[in-house]
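Me: Could you take a close look at one part of this model for me? Pick a helix and its surroundings, and walk me through what you find.

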Amino acid sequence: MRAILSLQKLFRFNVAGHQSSVGTEVLAGFTTFGAMGYIIAVNPAILAATGANRADMITVTVLAAMCGSLLMAFLSRLPIALAPGMGSNAVFAQVVVVKMGLSYGTALTMVLVGGILFTCLSLSNVRQHIVRGFPASIRIGLQAGIGLFIAYLGLRSGGLIVTDPSGGVAFADLRSSSVMVVFLSLLFIAALVAARVRGAMLLSILAVTVAGLFIQTSPGHVMTVLPAQAVALPRAPSAYLFAFDTTKFFHNFFLVLPLTLYFFLSDFFSATATMIAVTRRAGMMDEQGNFMNSRRAFLADGLASIVGACLGSPTVGAYVESATGVEAGGRTGLTTLTVAILFGLSAFFWPLIACIPPQATTAALVMVGILMMEGLTELEISDPLQSVSAGMIVLLTVTTANLMIGICAGCFAYTVMAVATRSWARLTPVFLLTNVLLVIYLVLVTYTVN
């Protein structure tokens, strides 16, 4: 606490000026960390699909979250914590590396370029024009489609969804104790979220991990295998530091450009929505919808993705879970600094984190996916331009496990419906440019990759 008091004085977080106290800010930091700490276990589990070492990915996740939160704390002094983004990490692993067959370094280069674009736009007023120029239904459809895709990945990795003899999808056998505990974890986390228990996802992961100590997945093998030591020096993820593959990025430039823009746009819109939501709840927003140090906050978010890419991480962005810290009284960057310190300390417990079985993260992935669909309520269902375009993105993303096909279907459907109804104002230059890039992508993936 004495060290935190010294940091508070050194960096002038002006706790008293925000009608708060150091103790309240620290408590709010613990609350935020408890709500978003699940990413330490979930992000490495998702990135493991690329062949990445899970222990290394724990260190990468922790460093990216710590650096991103430090940038936000010192640049904007807002109580908004950052970490590798859910959604972006799934696209990074499953779409870019697994589906498209591109290297981890190429994917990192895409994240880097997206972060640079974000940072440049954060320093200009162009940001507002992009927000207004991109259809809300496409943005909502993207978020919901990826949310369902994440939930599907969670069910698959946890063993609740299996492949039947005919090659289709089937529900697993509940007579298996491991399947039953995962199924019960879905009900457990639903109850925790409904009761508004802070840290619900982290508690669910912990509960299944502990239960796994007594559950056999096969004769002589339990679900959770404890490590020889609980605490150890963090692994140095040297293979992922500055591991950019610019050669393959430029060689496949037009093929990767739409997805590069996705990394940029997803972070861009997510950051905008998250910062508005958190600052509004904290009472830091004026009547015009502006909040304190907004330009610095967006700059911190953009720089966080650049730093994260250099560390080997997918896009780093603001977490809406920061609202839990705000509810606990957090009002300054001291809350975010506390989160960063806690992420840093967690790196020393990587052996324990690495022993968390895939079944333990299933409920968290499913719940994150479900929560990402909340934007669908904002759609005007009676307006085909909104409902059909968003619905196509969600439907095709989930059924084909191909995000880009979903994006293409949704954007093209929106465009032809706008032309058919002569709604020319909806076809903004930003959106039309997106359509052109998607056409180029489809041509390349059809006649080059296949």
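Reply: Here is a walk around one helix, followed by a patch and a pocket elsewhere.

Keep in mind that this is a predicted model. Let's start with helix α5, which spans residues 88–99. Nine of its 12 residues are buried, so the rest of the structure largely encloses this helix. The cut-off behind that is a relative accessible area under 20%. The buried stretch begins with Ser88, Asn89, Ala90, Val91, Phe92 and Ala93, and Val95, Val96 and Val97 belong to the buried set too. As for what covers these residues, the list includes α3 (39–47), α6 (104–122), α8 (136–157), α12 (253–281) and α19 (403–420). Just past the end of α5, Gly101 adopts a positive phi of about 75 degrees.

One of those covering helices, α3, leads on to the second largest pocket, since α3 is among the helices that each give at least two residues to its lining, along with α2 (22–36), α10, α15 (333–346) and α16 (350–354). That pocket holds about 530 Å³ of space. It has 24 lining residues, and Leu202, Leu206, Leu352, Ile353 and Ile356 sit closest to its centre. Helix α10 gives the largest share of the lining, six residues.

Now for the surface: α10 (residues 200–211) also supplies the largest share of a nonpolar patch, three residues. The patch consists of Phe188, Val197, Leu203, Leu206, Val210 and Phe214, together showing about 560 Å² of accessible area. Leu206 thus turns up in the patch and by the pocket centre. Phe188 belongs to helix α9 (residues 177–194) and is partly exposed, at 37% relative accessible area.

Methods. Residues are numbered from 1 along each chain as its sequence is written. This is a predicted model: local features need pLDDT of at least 70, side-chain atom pairs count only at pLDDT 80 or more; totals for chains, interfaces and linings use all residues. Side-chain values use heavy atoms; hydrogens and water are left out. Buried means under 20% relative accessible area, exposed over 50%, partly exposed in between (1.4 Å probe, protein chains only). Helices (H or I, at least four residues) and strands (E, at least two) are DSSP runs, numbered from the N terminus. Contact means heavy atoms within 4.5 Å. Patches are made of residues with over 30% relative accessible area and no salt bridge: like charges are joined within 9 Å, nonpolar side chains (Val, Leu, Ile, Met, Phe, Trp, Tyr) within 5 Å. Accessible areas come from the Shrake-Rupley method with a 1.4 Å probe; for residues, only the protein chains shown count as cover. A salt bridge is a side-chain nitrogen of Lys or Arg within 4 Å of a carboxyl oxygen of Asp or Glu. On a 1 Å grid over the protein atoms alone, a cavity is a set of points where a 1.4 Å probe fits but cannot get out, and a pocket is an open set with protein on both sides within 12 Å along at least five of seven lines; lining residues have an atom within 4 Å of a point. Grid points are joined across faces, edges and corners, and a volume is the space filled by probe spheres set on the points.
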